[in-house]
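Biologist: Could you walk me through how the pieces of this model are put together? I would like the reasoning behind each label.

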Amino acid sequence: MKILVCISNVPDTTTKIKFAEGNTSIDTAGIQWVINPWDELSLTRALELKDDATNGVKSVTVIHVGPATSEPTIRKALAIGADDAIRVNAVSSDAWFVASQIADVIKKEQFDVIMCGIESSDYNGSAVGGMISEFLGIPSVSAVSSIKFENGQSVLVREIDGGKEIVNVLTPFVAVVQKGIAKEPRIAAMRGIMMARSKPVKLIEPLQIDPLTQILEFEKPSPRAACKFIDAENPAQLLDLLQNEAKVI
Amino acid sequence: MSVLVYTENWDGKFKKLSFELVSYATGVAKMLNTTVSAVSIGKVDESELKSLSGYGANKIININSDKLITLDSQAYTNVISDIALKENASVIIISNNNTGKAIAPRLSVRLKAGIGSGVSKLPLNLNPFTVYKRTYSGNAFAHLVIKSDIKILTLAQNSFDLVEAAGNATIENLNPAIDASLLKTVVKDIQKQSGKILLTDADIVVSGGRGMKSPDNWPPLVELASLLGAATACSRPVSDEGWRPHEEHTGQTGKIIAPNLYIAVGISGATQHLAGISSSKFIVAINSDKDAPIFEAAQYGIVGDAMKVLPKLVEAVKELKK
């Protein structure tokens, strides 16, 4: 079995976002780039599945659509333990563009399980995983918080409103994963970092695809009014404000 | 032309989320000077279906098929895309919840329709079609142009007010042929929590962080939530420690919520936590550190030890309820 983990390169989640070029892009100065948190959890789970030989996972490959500047994030994924990587050499323009590129690679390389994070922390689109599956005409299961193989069957836990479902699905499939899929992201050890340098990163030139969407500009969320402080000895005053000023209780 | 909205049901019942979607669809349809067709999949009775017209649906397409009881994203995509084409839909509206996230991207590819995900306002412009969507986990919003003929919008939960309308929708029962060999996801078991207010549905949420100090200290927080009819939530360290179930984790990688009132108890307000709650209409912070960043996000604050403030707050709520 071959697992493919799709990774996105995003600003570290503590970044204070600033804009540039008349609010049409973000100011990348000083930004630390990381593997999108959900993708990092996917990769961790893929490696856990490979570690248990009974699962028969032969390889864990990561794929990323991005320019050469995102190489450090790919190397990090290799250092964590991915066997090899594929980079589609293009600046991603929207989910349609990225999913088209990844689906095309999968058609040629064949993977059994494709894992994608449920969203990226930059565009919050929640679209790439589902799109890949539709391009390939294969099943997708979304909001997956657990994945394992039992007697040759894939057993997934899908989160639904107010509960969960245990789902069987035939390979090949796309698992769109959320929190819970792995307890904590795996951290690269020194040996992994050394080994990552010599692991293969296959470079693929992109298909010509016109994006379906385009960001015109960004804006900051509207600032909130300053906090009103209430004496800790007088919580009734808080309730009065919530009832009569905010009108929420 | 029409606006198509997929209205999910839960055991045959719609909830506020469904009505928000129809209200939003009606708003979009008004801008486009067209009508709203709502699609319901599942066993929903006629009076429940009719309730959608109270928010502006003109037509309700009802699909009650044994084969579609649980979500198979391919089968749902087949059914909804066929209807979208038949209804000549120019805009398709779906929730940004887990079901929506499963269906919208597949529909996008099937119909070559661009997605604006997590929209929280009516479109900003029709030409070019521009929507307002959450990006950078709530630290920024984007004006996104969708260039395709058909547009798919996924609506952020609790972001759009219900708008009642005097409607008298027609119900069309549809019985699409479903190829059983296409059903590739099989649901073996469903585990539901009963009797709890769902975090994503709640108007009020009471949430605890590391400042609660121990899982044993939760009873007054739970009591406060129960008195206010609120759901309970927690910060990431609390769920990582196993003090509370991970379903309660609210924040960037956990649940993204937008209740009317969010009460943060002993939560410092890291960027990642704020990403999950910043769309709350009002935030109350209770924290012993007056410099904690949560007070920058909050409208109302109490500086004090959670374990001392909570019991007093509980008493005050009881007093208020008398």
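Modeller: Gladly; this is a predicted model, and we can take the helix pairs, then the sheet, then the contact of the chains.

Biologist: What makes α3(A) oblique to α4(A)?

Modeller: The axes of helix α3 (residues 95-109) and helix α4 (residues 128-136) of chain A come within 8 Å and cross at roughly 45°. Angles under 35 degrees count as roughly parallel and 65 to 115 as roughly perpendicular, so α3(A) is oblique to α4(A). Their crossing is right-handed.

Biologist: Which residues make that contact?

Modeller: From α3(A), they include A:Trp96, A:Val98, A:Ile102 and A:Ile106; from α4(A), A:Met131, A:Ile132 and A:Phe135 are among them. By class, the contact has 12 nonpolar, 1 polar and 1 charged residues.

Biologist: Why are α5(B) and α9(B) called roughly parallel?

Modeller: Helix α5 (residues 219-228) and helix α9 (residues 306-321) of chain B pack at about 20°, with their axes 9 Å apart. Roughly parallel is the term for angles under 35 degrees, so it applies to α5(B) and α9(B). Here the crossing is left-handed. B:Leu224 and B:Leu228 of α5(B) take part in the contact, as do B:Leu313 and B:Val317 of α9(B). This contact has 10 nonpolar, no polar and 3 charged residues.

Biologist: Now the sheet: what makes β13 of chain A and β11 of chain B its edge strands?

Modeller: Each of them pairs on one side only. The open sheet has 10 strands, in the order β13(A)-β7(A)-β6(A)-β1(A)-β8(A)-β12(A)-β9(A)-β10(A)-β11(A)-β11(B). From one strand to the next, the twist averages 30°.

Biologist: How do you know that the pairing is mixed?

Modeller: Take two of the pairs. Strands β6 (residues 59-65) and β7 (residues 84-88) of chain A pair in the parallel sense over 5 bridges, with A:Ile63 bridged to A:Ile86. Strand β11 (residues 163-169) of chain A and strand β11 (residues 185-192) of chain B pair in the antiparallel sense over 7 bridges, and there A:Asn168 stands opposite B:Val186. The sheet has both senses, so its pairing is mixed.

Biologist: How many residues of chain B are in contact with chain A, and which element gives the largest share?

Modeller: 79 residues of chain B are in contact with 66 residues of chain A. Helix α4 (residues 98-111) of chain B gives the largest share of the chain B side, 9 residues. That side divides into 33 nonpolar, 34 polar and 12 charged residues.

Definitions and conventions
Residues are numbered from 1 along each chain as its sequence is written. Chains are lettered from A and ligands numbered from 1 in the order in which they are written. This is a predicted model: local features need pLDDT of at least 70, side-chain atom pairs count only at pLDDT 80 or more; totals for chains, interfaces and linings use all residues. Axes are lines fitted to C-alpha atoms, for helices over the stretch in contact, and angles run from 0 to 180 degrees between N-to-C directions. Helices (H or I, at least four residues) and strands (E, at least two) are DSSP runs, numbered from the N terminus. Angles under 35 degrees count as roughly parallel, over 145 as roughly antiparallel, 65 to 115 as roughly perpendicular and the rest as oblique. A crossing is left-handed if the near helix is turned anticlockwise from the far one by less than a right angle, and right-handed if clockwise. Two residues are in contact if their C-beta atoms, placed from the backbone, lie within 7 Å. Ala, Val, Leu, Ile, Met, Phe, Trp, Tyr, Cys and Pro count as nonpolar, Asp, Glu, Lys and Arg as charged, and the others, Gly among them, as polar. Two strands pair if DSSP finds at least two bridges between them.
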